[in-house]
Amino acid sequence: MRIRNYTNSDLDVCRLLWTEMVQRHQDIYDDPSIGGDDPGLEFDQHLDTVGSNNVWVIEIENAVVGLTALILKDQEAEIEPVIVSYKHRGKGIGRRLVEYAIGEAKRLNMFLVSVKPVARNKEAISFSMIVDLKP
Ligand SMILES: CC(C)(COP(=O)(O)OP(=O)(O)OC[C@H]1O[C@@H](n2cnc3c(N)ncnc32)[C@H](O)[C@@H]1OP(=O)(O)O)[C@@H](O)C(=O)NCCC(=O)NCCS
């Protein structure tokens, strides 16, 4: 398993991962209209917003199976999103991505890092946290 920075060649797989997250939100809210016709394209918007330096993917045997990103604002970082592909869930990969993103927030001299999954998202709720990184 290895975590590395996003590169352009990861675009398609990241759109698919994003679609898996939107499907989860559609289920949670029982609303198939969430995300529109092509939910994967929301990944492109997120990439534009956060910048590719702040997106990381996790690979198993050279295949990308998850992603995370940091939204940086006023020395506060929010980990958003954390996505692990269906068949790789429940093996600690999501936790690993969160820990990695916390490490990156520290490296970037942020004062605070948070993860705020929606309350109904039972697979993600144990990630909820706000960590004070001030020295
Ligand atoms: C949320 C998500 C990233 C978790 O990834 P994962 O690799 O399965 O998570 P992990 O195996 O690292 O487990 C993380 C924690 O969640 C708990 N968990 C995982 N699946 C769970 C489930 N079905 N029910 C309850 N708790 C669960 C684990 O016990 C673990 O807790 P711990 O570390 O305190 O022991 C994954 O389900 C996903 O991609 N969901 C769709 C995208 C999404 O909704 N992301 C959340 C946005 S923040």
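1. A useful starting point: two strands count as paired if DSSP finds at least two bridges between them. With that in hand, β4 and strand β5 (residues 112–115) are joined by three bridges and run parallel. Within this pairing, glutamate 78 has serine 114 of β5 as its bridge partner. Please keep in mind that this is a predicted model.

2. Now the sheet as a whole. Its six strands form an open sheet in the order β1-β2-β3-β4-β5-β6, and the pairing is mixed. The edges are held by β1 (2–5) and β6 (129–132); each has a single partner strand, so one side of each is left without a neighbour in the sheet. From one strand to the next, the twist averages 20 degrees.

3. Two helices deserve a look against this sheet. Helix α2 (residues 41–50) lies across β2 (55–60) and β3 (63–73), at about 45 degrees to β3. Helix α3 also packs on the sheet, where it touches β1, β2, β3, β4, β5 and β6. The direction of α3 makes about 35 degrees with that of β3.

4. Which residues are closest to the ligand? They are Arg89, Gly94, Arg95, Glu123 and Ala124, in a surrounding set of 21 residues. By class, this shell has 10 nonpolar, five polar and six charged residues.

5. It is worth tracing the shell back to the elements above. At least two of its residues come from each of α1 (11–29), β4 (76–84) and α3 (93–107). The largest share, four residues, is supplied by β4. So as you look over the ligand site, do keep β4 in view: this strand also pairs with β5 through three bridges.

Conventions
Residues are numbered from 1 along each chain as its sequence is written. This is a predicted model: local features need pLDDT of at least 70, side-chain atom pairs count only at pLDDT 80 or more; totals for chains, interfaces and linings use all residues. A residue is near a molecule or strand if its C-beta atom, placed from the backbone, lies within 6 Å of it. Ala, Val, Leu, Ile, Met, Phe, Trp, Tyr, Cys and Pro count as nonpolar, Asp, Glu, Lys and Arg as charged, and the others, Gly among them, as polar. Axes are lines fitted to C-alpha atoms, for helices over the stretch in contact, and angles run from 0 to 180 degrees between N-to-C directions. Two residues are in contact if their C-beta atoms, placed from the backbone, lie within 7 Å.
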